[in-house]
Amino acid sequence: MFVVFVGCTIFLFLIDEIARIVQMVESIAVEANISTVYVETILKIIGIAYIAEFASQISKDAGQGAIASKIELGAKILILAMAVPILTVLIETILNLLPST
């Protein structure tokens, strides 16, 4: 229980820095004329990865390796599902750049 408390406390201390990073990434995306939908999706994917890693480590510390591996698997599936639209646009863009024969 103490591990969860310390982890959450550290996260709360870092929340201002995280907000600054998110704002910086969003402003760069606006300047580069990138759709905010893609940036938001990437930020959500990063958030899922960090939360899943945190939950997995807590589970491992509690001696629940099986639960930790299920958390990691679930996070990977969520990340893949969220990345599909971005991958689709990327592939379509590459195909449009190739000369048609």
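The exercises below, each with a worked solution, concern the helices, turns, contacts and salt bridges of a predicted model.

**Exercise 1. Helix spans**

Compare the end-to-end distances of α1, α2 and α3 with the spans expected at 1.5 Å a residue.

Solution. Begin with α1, whose 30 residues should span 44 Å at 1.5 Å a residue; the end C-alpha atoms of α1 are 43 Å apart, and therefore the two values agree. Continue with helix α2, residues 36–61, where 26 residues lead to an expected 38 Å, and where the end C-alpha atoms lie 37 Å apart, so that here too there is agreement. Finish with α3, which has 33 residues and reaches 46 Å from its first C-alpha to its last, a value close to the expected 48 Å.

**Exercise 2. Bends in the helices**

Locate the bend in α1 and the bend in α3, and describe the surroundings of each.

Solution. In α1 the axis bends by about 45 degrees at L14. The relative accessible area of L14 is 43%, and this residue is therefore partly exposed, since the partly exposed class lies between 20% and 50%. L14 also belongs to a nonpolar surface patch of about 710 Å², which it makes together with I10, F11, L12, F13, I15 and I18. In α3, the bend is about 40 degrees and is placed at V84, with a proline, P85, following within four residues.

**Exercise 3. Positive phi after the helices**

Which residues with positive phi follow α1 and α2, and which of the two deserves a second look as a non-glycine?

Solution. After α2 comes G63, with a positive phi near 80 degrees. After α1 comes N33, whose phi is positive and near 60 degrees. The general expectation is that most residues other than glycine have a negative phi. N33 deserves the second look, as its phi is positive although the residue is not a glycine. As for its setting, N33 is found in the loop between α1 and α2, and it counts as exposed because its relative accessibility is 71%, where the exposed class begins over 50%.

**Exercise 4. The buried residues of α2 and α3**

List the buried residues of α2, state what they pack against, and follow two of them, S56 and T41, to their contacts.

Solution. The buried residues of α2 are V39, T41, I45, A52, S56 and S59, and these pack against both α1 (2–31) and α3 (65–97). Take S56 as the initial case: with a relative accessibility of 0% it counts as buried, because the class takes in values under 20%. Setting aside residues up to four places away in sequence, S56 touches A68, I71 and E72. T41, which also lies in helix α2, has a relative accessibility of 17% and therefore counts as buried; with neighbours within four places in sequence left aside, T41 is in contact with M82 and I86. Seen from the other helix, A68, A75 and A83 are buried in α3, and the buried residues of α3 pack against α2. A backbone distance can be added to this picture, for the C-alpha atoms of K76 and A52 are separated by 9.0 Å, although the two residues are 24 residues apart along the chain. K76 lies in helix α3 and is exposed, because its relative accessible area is 57%.

**Exercise 5. Two salt bridges**

How many salt bridges does the structure hold, and where in the helices do E17 and R20, and K60 and E72, lie?

Solution. The structure holds two salt bridges. In one of them the side chains of E17 and R20 meet at 2.5 Å, N to O; both residues lie in helix α1, three residues apart, about one turn of the helix. An α-helix has 3.6 residues a turn, so residues three or four places apart point the same way. E17 counts as partly exposed because its relative accessibility is 40%, whereas R20, at 51%, is exposed. In the other salt bridge the side chains of K60 and E72 meet at 3.3 Å, N to O. This pair links distant parts of the chain, with K60 in helix α2 and E72 in helix α3, 12 residues apart. K60 has a relative accessibility of 42% and therefore counts as partly exposed, and E72, at 24%, counts as partly exposed as well. E72 is also one of the residues that S56 touches.

Terms used. Residues numbered from 1 in each chain as written. Predicted model: local features only at pLDDT ≥ 70, side-chain atom pairs only at ≥ 80, totals over all residues. Heavy atoms only, no water. Helix = DSSP H or I, 4+ residues; strand = E, 2+ residues; numbered from the N terminus. Expected span 1.5 Å × (residues − 1). Buried < 20%, exposed > 50% of the residue type's maximum accessible area, 1.4 Å probe, protein only. Contact = heavy atoms within 4.5 Å. Bend = angle between axes of the 7 residues up to and from the residue. Patch = residues over 30% accessible without salt bridge, like charges linked within 9 Å, V, L, I, M, F, W, Y side chains within 5 Å. Areas by Shrake-Rupley, 256 points an atom, 1.4 Å probe, with all protein chains shown as cover. Salt bridge = Lys/Arg side-chain N within 4 Å of Asp/Glu carboxyl O.
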